[in-house]
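Please examine the sequence and the model shown below. The account then proceeds from backbone geometry to the surroundings of a single side chain.

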Amino acid sequence: MITGERMAAVDENAAALGVAQKQLMESSGHAVARAVREVAEPDSSVAIVAGRGNNGGDAFVTARFLDDYSVTTLLLGKAETIGTEIARENWDALQQSEYETREITDSSQFDLPDCDVVVDAMLGTGISGDLREPAATAAEAINDADATVVAVDVPSGFDANDGDHAGNGVEADRIVTFHDTKPGLDELTADVTVTDIGIPAAAERYVGPGDVSLARPDGRDGRPYVIGGGPYTGAPALAAQGALRAGAELAFVAAPDAVAGEIQGYSEDLIVQPYAEDVLTPERTEELLETAEQYDNVVVLGPGLGIADETLEAAKQFLESYDGRVVVDADALRVVPDLETDATLVCTPNRVELARMGGPDTDDLAGAADKIESFAAELGHIVLAKGAADVITDGERTRISRSGTVGMKVGGTGDTLAGIVAALMEHAEPFDAAAAGAQVNGLAGERIATTEAFGFLASDMLDEIPAALWGGVDE
């Protein structure tokens, strides 16, 4: 099962793998035509009611595979406003080949022809809520017609993310849905056919541009709270700056008073909140919890903390008492395996830390992805295992991010990753944020590596994070 949002990401990933959207549209349209043939004999009349998006584009292709039927294609809107190039190309193909088409620019103009079959291609998986005009008038006419209704991917008015169906949506008899079924379709009375349209399994397995689009912020928001520093000072500064570069509004660092000034010195953009200790101790846990709970920000726990017994005990107490969202990194990972917590954790171990936590001990994380998935299921938390290829899993779903370069073996790149994931968790589900964060961090490294193959630093990557996330002029 796949949601509409995830399906859009998979489509984008497939295109990046070389499977063009136009090729997928051709397969989709052919599949809908097969469904029409199954419900009506040749020479039957077919009315295609299409919107201006790719759902309509699928239906334009369908018309070309039904030459032995009497087909009329009704476009809701002006042809010049068709939303995508490939849908417009397929509309133009109908014009050039003199298929019967009509443009419906106002609901008062809508007149559904007498027909044996209606193909509903008005709205696809990206639309939810009650239908607006002219789709509302068209849906009413479709529902009142004495014809078999075949829906393209989902019936118009159906929300493919949560399974809700608009009160004025289309009631389909047959649904031809693509790649995988959508949530809630099995609750409809329609006959649902899931059609393989040629999307490679790699489009779901490997993190790609669609995953980044799914988690990409559309503005600045969020104030990640980095709890780190003590023996080490660069790590929390890198994590906080990584969050800022990935769209966070502010970044706070809670650190021992002895090192707070040094951490502040890395960047004037950080807000450093010192506490009166040399390292994190259990005595500080309550005040850190109060701050985290008051603002409900994503917490990054671990960068630079060290492994003193009292520090690990403090980390354990924090996680057991907190019920928010936490990216757990570095030394704080040591306390996770024996933890009981209501918090949502994204754990970001490197291969050594993964083995220490009880996961597989391997240099080839991608090759051990199934074992890491089983470990995450046992752990009960999301795992983002960092290596030459990153493995992201929640114990049920697993993605592999192949971005990055050997130069990223330099210290600190995991800290930038933790900050990126924290920022993205303000906009996306934790699993999606972790997958996108791994990809963006690797892409930032790749951008640096075009000029400095091995000699760059984690701090150099900070400037490249925005372009890796939102796209740069040289993309």
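The paragraphs that follow describe selected loop residues of this predicted model.

The backbone offers a suitable starting point. Between E133 and P134 the peptide bond is cis, and its omega is near 5 degrees. P134 belongs to the loop that runs between β4 (117-121) and α5 (135-144).

Two aspartates deserve attention for their phi angles. D43 is not a glycine, yet its phi is positive, at about 80 degrees. This residue is found in the loop between α2 (21-39) and β1 (45-50). Its relative accessibility is 70%, and because the cut-off for exposed residues is over 50%, D43 counts as exposed. D296, likewise not a glycine, has a positive phi of about 50 degrees. The loop that holds D296 lies between α10 (285-295) and β11 (299-301). Here the relative accessibility is 47%, so D296 counts as partly exposed; that class covers values between the limit for buried residues, under 20%, and the limit for exposed residues, over 50%.

The remaining residue to consider is Y206, placed in the loop between α6 (202-205) and α7 (209-215). With a relative accessible area of 26%, Y206 is partly exposed. Which residues does Y206 contact, leaving aside its neighbours within four places in sequence? They are N13, D211, I400 and R402. By contrast, a separation of 45 Å lies between the C-alpha atoms of Y206 and D146, two residues that are 60 residues apart along the chain.

Methods: Residues numbered from 1 in each chain as written. Heavy atoms only, no water. Helix = DSSP H or I, 4+ residues; strand = E, 2+ residues; numbered from the N terminus. Buried < 20%, exposed > 50% of the residue type's maximum accessible area, 1.4 Å probe, protein only. Contact = heavy atoms within 4.5 Å.
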